[in-house]
Amino acid sequence: MSGDSLWQREITFEDIQRVFSTLKKGVIHLLRGLLSPLKKVIDKFGYKLAIYLFIVPSMGFITIFYIIPFILTFLIGFTSMDFTFEWNWIGVQNFIRILNDRFAPKIMNNTLFYVFTTLTLFNVGMALVVSIVTNHIPDYIGSVVRGIWLLPRITPSTVYALLWLWAARGDNTALLNWFLGLMGIPPQNWILDNPWVIVIIVNGFVGTSFGMIVFTAALKSIPEDYYRAAKVDGASTLDIIRYVELPMIKWPLLFVTAYQTLSLLTSFEYILILTDGGPGLYTTEVWSLYSYHVAFRAYGGVTEIGYGAALATVLVVIGIIMSLIYWRVFKFREMMVEPKIEV
Amino acid sequence: MDRLNIGGRTGLLTALVVITLVIPVVILYFYLGLISISTDMDGVVPEGFTLEHWMEIIDGEIPIAGATLYKYPNIYLVALNTFILAVLVAGLEVVISSLAGYSLSRFRFRGRSAILTLILILHAFPGITLLIALFFVLNQLGLYNSLIGVVLVKVALDLPLGIWIMKGFFDGVSWDMEMSALVDGCTRLGAWWRVVMPNVRNGLMAVLIFGFLSGWAEFIYAQTFIADQRFWTFSMLVYAFTTGEYSYINPGITAAIALLYMIPVILFFLFAQKYLLRIQLIGKGGA
């Protein structure tokens, strides 16, 4: 074939396709050539690189907002820092001051009373009642009841506390007094006269759901055979609760008690909104709230971040010790099985 | 499966028990709803119905009885701030915890076991005790008095839980499934996107919803780390109604605003309870 004929021939669709495919191959070759060094790097370090890229963001957050503050809490506790953020080291003076603080014994008592009462009555007590009762009624009703007990927890704390502040008002028309009035009980100003009742109920209603869910999961995992065997032996409902259900949820019971002790000990949000530690002088002030007040509320124009941090240090130490204990006692390590897969 | 009916066959006793258990919780919410549409209340009995409380806040301005100079921030601005906070917290939590969860579930590397231990201990550790030090950190980072500061702190404190949830879900996707996708010619990235991710959708939803509600309801960090009214969220606004010099506003209006604030919570409660229960089971104890 002469070159002329090539040029004289009409250009067909196949020609265009051929040109394009050649171009495409060229581009691909070019890209491969350019990328091959990069690919080598990725092949060599890609796996490690991927791991680091995946894990770095979370570790960054944890370092900046957990580990550094953790260390800082201890350090600031040894200073007389205020809002100027100057590091005035004063040694262990803050801790000596805690020992001599004339309010410390009262606040300590309040804390123990609050944690113990809320825990027994609600976080464990009420949680047991709700989960056992809902386990003995048809499940479609039971799950609705449990769902409703979840409401206080998912309601924003400010709204939930506001509702109770309204319900507990002093006048006759307030919800609580109105109901008690139906039963012939005289009205009272709950926040002023009986602040602990409201503080414990509000925290308790929120706290109930945690235990309720844990216990319900445990109760549901009791084999049906146990119930049948007990019934065959003539056990009443109360017998079944006493001799089948309670012994079977011993472990969850311990878990909820331990876990909720720590969270009650350190949380102060609802008390802050409800009574702000009052009425009067530190009537319902708990340790964590005291630390908050000292650090962020200026009494007599002074905010004592240093002293607040020293007070918080006590809780941080308790917190870390208890977390470590949970980790050992509740066999957290078993949850850490090595990955089945190696990539 | 109902194990045993209390008191034998009587449905009446069951009904009575259920009502006793439920009333103390739900009555407050009915109370809230009624206050927002009533002229005044005697106990649970409204004296008359009105929509005036809702009409009064429709322009976003909150009237304060007896105060002329002080103004609350506009409700729409407050809603926007709360929404931004919640969305950022949810988004960051999902992305970061699924990345970490995936690597902790699938890769073996040095320090993995240490990181898992750390995450579990932090999950049990009460982050609120670090409040004072966090205040210092945010000040040093120049993030005091900003929404983003609260977002970052919130994300960090929720992360151990999020990572743990996501790791659990990734553990649940069998390696065989991922492997067969690879054999069929998927790239690793392709397998991750087409096979692994759809299988952990429930986990992603759980973390997303948890993060959103946790940001939406956040009070103590917002209250402590934000000073400027421009950055107020609903929780700070509602708190202001219960405390301080200008706290007195009409209960009807307060109730209407509180209900507005509750809308996403109610929606999630009605339509996403299975995710909420899942989170609560592994989630933090709270109060």
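Domain bounds here come from an automatic or database domain assignment. On that basis, chain A is divided into domain 1, residues 12-76, and domain 2, residues 104-284. The C-alpha centres of these two domains of chain A lie 51 Å apart. The model is predicted.

## The two chains

Start with the overall make-up of each chain.

| Chain | Residues | Buried residues | Citation |
|---|---|---|---|
| Chain A | 343 residues | 39% | |
| Chain B | 287 residues | 45% | |

Chain A has 15 helices and zero strands. Chain B has 13 helices and two strands.

Now look at contacts within each chain, counting pairs of residues at least 6 apart in sequence. In chain A, 66% of these contacts join residues at least 24 apart. In chain B, 69% of them do.

## One helix of chain A

Helix α5 of chain A runs over residues 139-154. It has 16 residues. From its first C-alpha to its last, helix α5 of chain A reaches 22 Å, close to the 22 Å expected at 1.5 Å a residue.

Which residues of α5(A) are buried? Gly142(A), Val145(A) and Arg146(A) are. Then come Trp149(A), Leu150(A), Leu151(A), Pro152(A), Arg153(A) and Ile154(A). The list includes nonpolar residues such as Val145(A), and also the charged residues Arg146(A) and Arg153(A).

## Where the chains meet

How many residues of chain B are in contact with chain A? The count is 81, and they touch 92 residues of chain A. On the chain B side, helix α1, residues 11-36, gives the most, with 10 residues. The chain B residues that touch chain A divide into 60 nonpolar, 16 polar and five charged.

## The nonpolar core

The largest nonpolar core has 168 residues. Residues of both chains are among those with the most contacts inside this core. From chain A, they are Trp164(A), Val202(A) and Leu274(A). From chain B, they are Ile132(B), Ala156(B) and Val238(B). Helix α6 of chain B, residues 147-172, gives the most to this core, with 16 residues.

Take Ile132(B) as a close-up. What does Ile132(B) contact, leaving aside its neighbours within four places in sequence? Its partners are Thr73(A), Ile76(A), Ala295(A), Ile305(A), Gly308(A), Ala309(A) and Ala312(A). These partners are residues of chain A. Thus Ile132(B) belongs to the core and is also in contact with chain A.

Key. Residues are numbered from 1 along each chain as its sequence is written. Chains are lettered from A and ligands numbered from 1 in the order in which they are written. This is a predicted model: local features need pLDDT of at least 70, side-chain atom pairs count only at pLDDT 80 or more; totals for chains, interfaces and linings use all residues. Helices (H or I, at least four residues) and strands (E, at least two) are DSSP runs, numbered from the N terminus. A residue is buried if 20 or more other C-beta atoms lie within 10 Å of its own, exposed if 12 or fewer, and partly exposed in between; C-beta atoms are placed from the backbone. Two residues are in contact if their C-beta atoms, placed from the backbone, lie within 7 Å. A nonpolar core is a set of buried Ala, Val, Leu, Ile, Met, Phe, Trp, Tyr and Cys residues joined through C-beta atoms within 7 Å. The expected span of a helix is 1.5 Å times one less than its number of residues.
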